[in-house]
Amino acid sequence: MKAMNIKVLSLGAVDYITKPISPAIVRARVKTHLSLVQAEQLKQAHVDLVQRLGRAAEYKDTDTGEHIVRMSQYSKVLALALGMDEQRAELLRQAAPMHDVGKIGIPDAILLKPGKLTSEEFDHMKKARHNWRANISKLLIAIITTCAYTCN
């Protein structure tokens, strides 16, 4: 029996039920597997949200799009080079586009201004980024915590 258990698990099974079948055990195992599926769906929803917020920053500045892709890839490469495991480095790559999301709160007249900013414009940029960061920090902490939890 032990050899059969090892064989089915090595072939990709994540669980199995033996006879005689106990309805309580079947319900408990089905509930466990459904919760794992829900956790994966929640993780994917968080990843999608982070990516969409990162893309929103691209609409403010057309040069940002390629920069975000490059910076995301560099973040992962550097994380791996510094010894971070693949899973966490991938989380970092997925979250990296958020670094420019503060641009959303900055008026185009300031963000896209070709010359030097006035002190008032620079103050406005600092305030907008600070306000955005304060409003989104709780969301990001929840996303990162959930993703880290569901990846382990």
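This is a short talk on the fold, the confidence and the side-chain contacts of one protein chain.

Hi everyone, and thanks for coming. Please keep in mind that what you have in front of you is a predicted model. The mean pLDDT of the protein chain is 78, and 76% of its residues reach 70 or more. Confidence varies along the chain: helix 4, residues 86-95, has the highest mean at 86, while helix 6, residues 119-151, has the lowest at 69.

Let's start with the overall picture. The protein chain has 6 helices and 0 strands, so you can read the order from the N terminus as α-α-α-α-α-α. Of the 152 residues, 27% are buried. About 10,900 Å² of the chain is exposed, and carbon and sulfur atoms supply 62% of that area. If you take the contacts with a separation of 6 or more, 61% of them join residues 24 or more positions apart.

Now, which residues make up the largest nonpolar core? There are 5 in all: Ile106, Ile110, Leu111, Met125 and Ala128. Helix 5, residues 108-111, and helix 6 are the elements that give two or more residues to this core. One of the core members, Ala128, is in contact with Gly105 and Ile106, leaving aside its neighbours within four places in sequence. Do remember here that helix 6 is where the mean confidence is lowest.

Let me move to helix 3 and helix 4. Ser72 sits in helix 3, residues 64-81. Is Ser72 buried or exposed? With a relative accessible area of 4%, Ser72 falls under the 20% cut-off, so this serine counts as buried. Beyond residues up to four places away in sequence, Ser72 touches Arg93, Ala96 and Pro97.

Lys76 is also a helix 3 residue. The relative accessible area of Lys76 is 15%, so this lysine counts as buried. Outside the residues up to four places away in sequence, Lys76 touches Glu86, Ala89, Glu90 and Arg93. On the helix 4 side, the buried residues are Ala89, Leu91 and Gln94.

That brings us to charges. Side chains of opposite charge can pair when their charged atoms come close. How many salt bridges does a search of the whole structure find? The search finds 6. One of them links Arg93 and Glu90, with the closest N and O atoms 2.5 Å apart. Arg93 and Glu90 are 3 residues apart in helix 4, which means about one helical turn separates them. Through shared partners, salt bridges join Lys76, Glu86, Glu90 and Arg93 into one network.

Have a look at the start of helix 4 too. Asp85 caps the N-terminal end of this helix, with a side-chain oxygen 3.1 Å from the backbone nitrogen of Gln87. Asp85 also forms a salt bridge with Arg88, where the closest N and O atoms are 3.9 Å apart. Asp85 is partly exposed at 38% relative accessibility, and Arg88 is partly exposed at 37%.

My last stop is towards the N terminus. Asp15 and Arg29 meet in a side-chain salt bridge, at 3.5 Å from N to O. Asp15 lies in the loop between helix 1 (2-10) and helix 2 (23-60), and Arg29 in helix 2, so the pair ties together parts that are 14 residues apart in sequence. Both partners are partly exposed: Asp15 has a relative accessible area of 30%, and Arg29 has 32%.

That's my tour, and I'm happy to take questions.

Notes. Residues numbered from 1 in each chain as written. Predicted model: local features only at pLDDT ≥ 70, side-chain atom pairs only at ≥ 80, totals over all residues. Heavy atoms only, no water. Helix = DSSP H or I, 4+ residues; strand = E, 2+ residues; numbered from the N terminus. Buried < 20%, exposed > 50% of the residue type's maximum accessible area, 1.4 Å probe, protein only. Contact = heavy atoms within 4.5 Å. Areas by Shrake-Rupley, 256 points an atom, 1.4 Å probe, with all protein chains shown as cover. pLDDT = per-residue confidence, 0-100. Core = buried A, V, L, I, M, F, W, Y, C linked by side-chain atoms within 4.5 Å. Polar contact = N/O pair within 3.5 Å; in protein donor to acceptor, adjacent residues only side chain to side chain. Salt bridge = Lys/Arg side-chain N within 4 Å of Asp/Glu carboxyl O.
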